[in-house]
Amino acid sequence: MTVPPGVDVPSPRTPSVSAFRITDGKAGPYGITAGPDDALWITLVHRGCVARLTLDGAFTEYALDAPGCRPTVITPGPDGALWFTRLQDHRIGRVTVDGQVASFPLPTPGGGPYGITAGPDGALWFTETAGNRIGRITVDGEVTEFPLPVEGGFPSAITTGPDGALWFTLNGTNAIGRLTPDGDTAVHPLPTESAGPVGIAADGRGLWFAEILAGRIGRMSADGRITEFPLPDPAARPHAVVAAADGECWFTAWGTGRIGRVTEDGGITEHALPDPASEPHGIAVGPDGALWAALETGGVARVERLP
C-alpha cells in the first residue's frame with residue numbers, strides 16, 4: 001500500500017501492562033472488585049483483612065475479627081457495601097466503603113463459602129464448596145440454602161446470568177449449574193473431561209468460565225451450546241474471569257503469570273506480567289476501565305483495555 005504524502009498512518013498500540021506491590025508477600029491478595037466509591041476492594045486471604053485501593057495508590061487495610069477466616073471472593077452489594085466470603089470460618093462478610101465490618105454465620109456447619117455475587121432479587125448469592133449448596137443472604141443477614149442435586153459438586157464461582165438465573169461452576173463434577181431464584185436447579189456437563197471449572201462471569205448474551213485443569217476458557221450461549229477455547233499454553237491454569245463487554249472475556253492465568261483476553265469468535269491475546277510467578281487470582285474491570293488482577297505474592301496488576 002502506498003501512503004499519500006502528508007497522511008499519518010496510526011501505528012498499532014500495545015496495551016500497557018503494569019504491576020506494583022501493595023502489601024507484603026504474606027498477606028495474599030486474592031479477590032478483587034470495583035466498589036461503588038470508585039476504588040478497588042481486595043481480599044487478603046492469608047491476613048484476614050479486606051483492603052481498599054484508590055486509583056492514585058492510596059491503600060488501606062481493614063482487619064477482620066478472625067485473622068484466620070480466609071476472606072476470598074468479594075463483590076459489590078445492592079446496599080452500597082462490599083460483601084465477601086470467609087472460607088475458613090464459614091461466614092459471609094460485609095464491609096462498608098468507610099471500613100465498618102460485620103459478618104454472618106451459615107446455617108450449615110463447615111460449608112466453606114467461596115464464590116459470591118449480587119443476585120437479581122436484591123440479595124447476595126454464594127457457593128458452599130464443602131456444603132455442596134448454594135446460599136442466599138439478604139442485606140439484613142438472613143440466609144437460605146439450596147442443596148444441589150449432585151454429590152461432590154464442589155460449587156466454586158457464581159454469577160447472575162443474562163436470563164436472571166444464578167449460574168455457577170461445579171468444579172468437582174465437571175459441570176455448570178443453573179439455579180433460579182425460586183430454587184429450580186439444572187446441571188450442564190462440560191464436553192471436556194476433568195476440566196475443573198472455577199471462575200464464571202456473564203455478559204449480555206452468555207456465560208464465560210475458566211477450566212483450570214484443561215487450560216481452556218469456555219463459553220455457554222443462552223441456548224445451552226458450549227464452546228471451549230484452548231489456551232496457547234495448556235499449563236496456564238486459568239482461574240478467574242470477567243466479562244468486560246458482550247463477547248469479550250478476560251482471565252487470569254495463575255500457572256503462567258499472565259492476563260488474557262478471549263473473544264467469542266476465538267481470538268486469544270495474552271499479556272505477560274513482569275513476574276511470571278506472581279500468581280494472579282481475582283480479576284475485575286476497574287473504575288478506570290482497565291483490567292485489574294490481584295496477585296497473591298503481594299501486589300496488583302493493571303492491563304490497559306484498548307478500544
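**Group meeting: a chain of strands**

Of the 307 residues in this chain, 52% count as buried. That is the starting point for today. The model on the screen is a predicted one, so please keep that in mind throughout.

I will begin with how far the prediction can be trusted. The average pLDDT of the chain is 94, and 96% of the residues score at least 70. There is a weak stretch at the start: over residues 1-11, pLDDT stays under 50. For that stretch the model has one contact beyond four places in sequence. I will say nothing further about those residues.

Now the overall build. How many helices and how many strands does the chain have? The count is zero helices and 28 strands. Along the principal axes, the C-alpha atoms fill a box of roughly 75 × 45 × 30 Å. The radius of gyration is 19 Å, which agrees with a compact globule, because a globule of 307 residues would have a value near 19 Å. Of the contacts between residues at least 6 apart in sequence, 40% join residues at least 24 apart.

Next, the surface. About 12,600 Å² of the chain is exposed, and carbon and sulfur atoms supply 51% of that area. As for charge, there are 21 positive and 35 negative side chains. The centres of those two sets lie 3 Å apart.

Let me move to single residues, starting with two in strands. Leu53 is in strand β4, which covers residues 49-53. Is Leu53 buried or exposed? Its relative accessibility is 1%, and the cut-off for buried is under 20%, so Leu53 counts as buried. Leaving out residues up to four places away in sequence, Leu53 touches Phe20, Ile22, Ala39, Leu40, Ile42, Ala58, Phe59, Trp292 and Val300. Notice that this list holds residues from distant parts of the numbering, such as Phe20 and Val300. Another pair to look at is Leu53 and Gly298, which are 245 residues apart along the chain, with 13 Å between their C-alpha atoms.

Ala293 sits in strand β27, residues 291-295. With a relative accessibility of 2%, Ala293 also counts as buried. Its contacts, again leaving out residues up to four places away in sequence, are Ile32, Thr252, Ile259, Gly282, Ile283, Gly299, Val300 and Ala301. Val300 was on the list for Leu53, and Val300 is on the list for Ala293 too. For a pair with a wide gap in space, take Ala293 and Gly141: they are 152 residues apart in sequence, and their C-alpha atoms are 29 Å apart.

Now a pair that touch each other, Asp65 and Ser103. Asp65 is in the loop between β5 (59-63) and β6 (71-76). Asp65 has a relative accessible area of 58%, so it is exposed, the cut-off being over 50%. Beyond residues up to four places away in sequence, Asp65 touches Arg86 and Ser103. The C-alpha atoms of Asp65 and Ala102 are separated by 8.5 Å, with their positions 37 residues apart along the chain.

Ser103 lies in strand β9, residues 101-105, and at 16% relative accessibility it counts as buried. What does Ser103 contact, apart from neighbours within four places in sequence? The contacts are Asp65, Arg86, Arg91, Ile92 and Gly93. Arg86 therefore appears with both partners, touching Asp65 and Ser103. Ser103 and Arg91 are twelve residues apart in sequence, and their C-alpha atoms are 6.3 Å apart.

The last group is in loops. Asn132 is in the loop between β11 (124-128) and β12 (133-137). Asn132 is not a glycine, yet it has a positive phi of about 55 degrees. At 14% relative accessibility, Asn132 counts as buried. Phe154 lies in the loop between β13 (143-147) and β14 (155-160), and it has a positive phi of about 50 degrees, although it is not a glycine either. Phe154 counts as partly exposed, at 40% relative accessibility.

Thr256 is in the loop between β23 (248-253) and β24 (258-263). Its relative accessibility is 18%, so Thr256 counts as buried. Outside residues up to four places away in sequence, Thr256 touches Asp233, Ala235, Ala236 and Pro276.

To sum up, this is a predicted model with zero helices and 28 strands, and 52% of its residues count as buried.

Key. Residues are numbered from 1 along each chain as its sequence is written. This is a predicted model: local features need pLDDT of at least 70, side-chain atom pairs count only at pLDDT 80 or more; totals for chains, interfaces and linings use all residues. Side-chain values use heavy atoms; hydrogens and water are left out. Helices (H or I, at least four residues) and strands (E, at least two) are DSSP runs, numbered from the N terminus. The radius of gyration is taken over C-alpha atoms; the globule rule is 2.2 Å times the number of residues to the power 0.38. Buried means under 20% relative accessible area, exposed over 50%, partly exposed in between (1.4 Å probe, protein chains only). Contact means heavy atoms within 4.5 Å. Accessible areas come from the Shrake-Rupley method with a 1.4 Å probe; for residues, only the protein chains shown count as cover. Lys and Arg count as positive and Asp and Glu as negative; His and the chain ends are not counted. The place of a charge is taken as NZ of Lys, CZ of Arg, CG of Asp or CD of Glu. pLDDT is the predictor's confidence in each residue, from 0 to 100.
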